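This briefing sets out the fold and surface of the protein shown below. The points are grouped by topic.

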Amino acid sequence: FYSSLTLFFVNLCQDKSDFSKEHQTLKEYLARYDVDSPEHQSMPLVIIRVNKEKAYWLENQKYYQGFISQIEENEEVEMSFLSSSLQGFARWFMMFGDHATIIQPEALKEEVRKLVLAVSKKMTDDSGTKNQESTCLPVGRDFPQSL
């Protein structure tokens, strides 16, 4: 086993394959997309502002949402995206929405409103849940001091 593994690495190190293909930069790639053109209307431009202190939460995830640029302004970061799904973006936005503002489009604001209402209804709906009193912490003098 070890001799075949050693042979594999020796051959790998001696391989003279050229992997130096030049790729265009992300900026060059994105420059091909004119956001206002009719063919890209299915990917609306989304602009949000996020609290600068919380923007680090989005560093790895923003690229999956169609991130194209950001500008730092005072205590906020304005981020632009080309989104392939406003519903998907709205669900992602909900994770940090208490630290952000949607600038555009209005359709995204409406999607977030729908989600907030649905979650709120689900949280206040008593149907299908156990007796709330049994799941709530005691209040007042019955509350254990050790917590």
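**Surface patch and overall fold**

Helix α4, which spans residues 106-124, is the largest contributor to the nonpolar patch, supplying three residues. The model described here is predicted. The patch lies on the surface and consists of Met94, Val116, Val119 and Met123, which together have about 370 Å² of accessible area.

**Methionine 123**

- Methionine 123 is located in helix α4.
- This residue is classed as exposed because its relative accessibility is 66%, the cut-off for that class being over 50%.
- Methionine 123 is also one of the residues that form the nonpolar patch.

**Composition and burial**

- The protein contains five helices and four strands.
- Read from the N terminus, the order of elements is α-α-β-β-β-α-β-α-α.
- Of the 147 residues in the protein, 22% are buried.
- The protein exposes about 11,800 Å², and 54% of this area is supplied by carbon and sulfur atoms.
- Where contacts in the protein link residues at least 6 apart in sequence, 56% of them join residues at least 24 apart.

**The sheet**

- Four strands form an open sheet in the order β2-β3-β1-β4, and their pairing is antiparallel.
- The edges are occupied by β2 (67-73) and β4 (100-104); each has a single partner strand, so one side of each is left without a neighbour in the sheet.
- On average, neighbouring strands of this sheet are turned by 20° against each other, with direction ignored.
- In general, the strands of a sheet pair through backbone hydrogen bonds, in either a parallel or an antiparallel manner.
- Strand β3 (residues 76-82) is joined to β2 by six bridges, and the two run antiparallel.
- Glutamate 72 stands opposite valine 77, a residue of β3.

**Helices against the sheet**

- Helix α3 (residues 86-94) lies across three strands, namely β1 (45-51), β3 and β4, and runs at about 0° to β1.
- Helix α4 likewise packs on the sheet, where it touches β1 and β4.
- The direction of α4 makes about 140° with that of β4.
- Helix α4 thus has two roles in this description: α4 packs on the sheet, and α4 gives the most to the nonpolar patch.

Terms used: Residues numbered from 1 in each chain as written. Predicted model: local features only at pLDDT ≥ 70, side-chain atom pairs only at ≥ 80, totals over all residues. Heavy atoms only, no water. Patch = residues over 30% accessible without salt bridge, like charges linked within 9 Å, V, L, I, M, F, W, Y side chains within 5 Å. Areas by Shrake-Rupley, 256 points an atom, 1.4 Å probe, with all protein chains shown as cover. Salt bridge = Lys/Arg side-chain N within 4 Å of Asp/Glu carboxyl O. Buried < 20%, exposed > 50% of the residue type's maximum accessible area, 1.4 Å probe, protein only. Pairing = 2+ DSSP bridges. Axes fitted to C-alpha atoms, helices over the stretch in contact; angles between N-to-C directions. Contact = heavy atoms within 4.5 Å.
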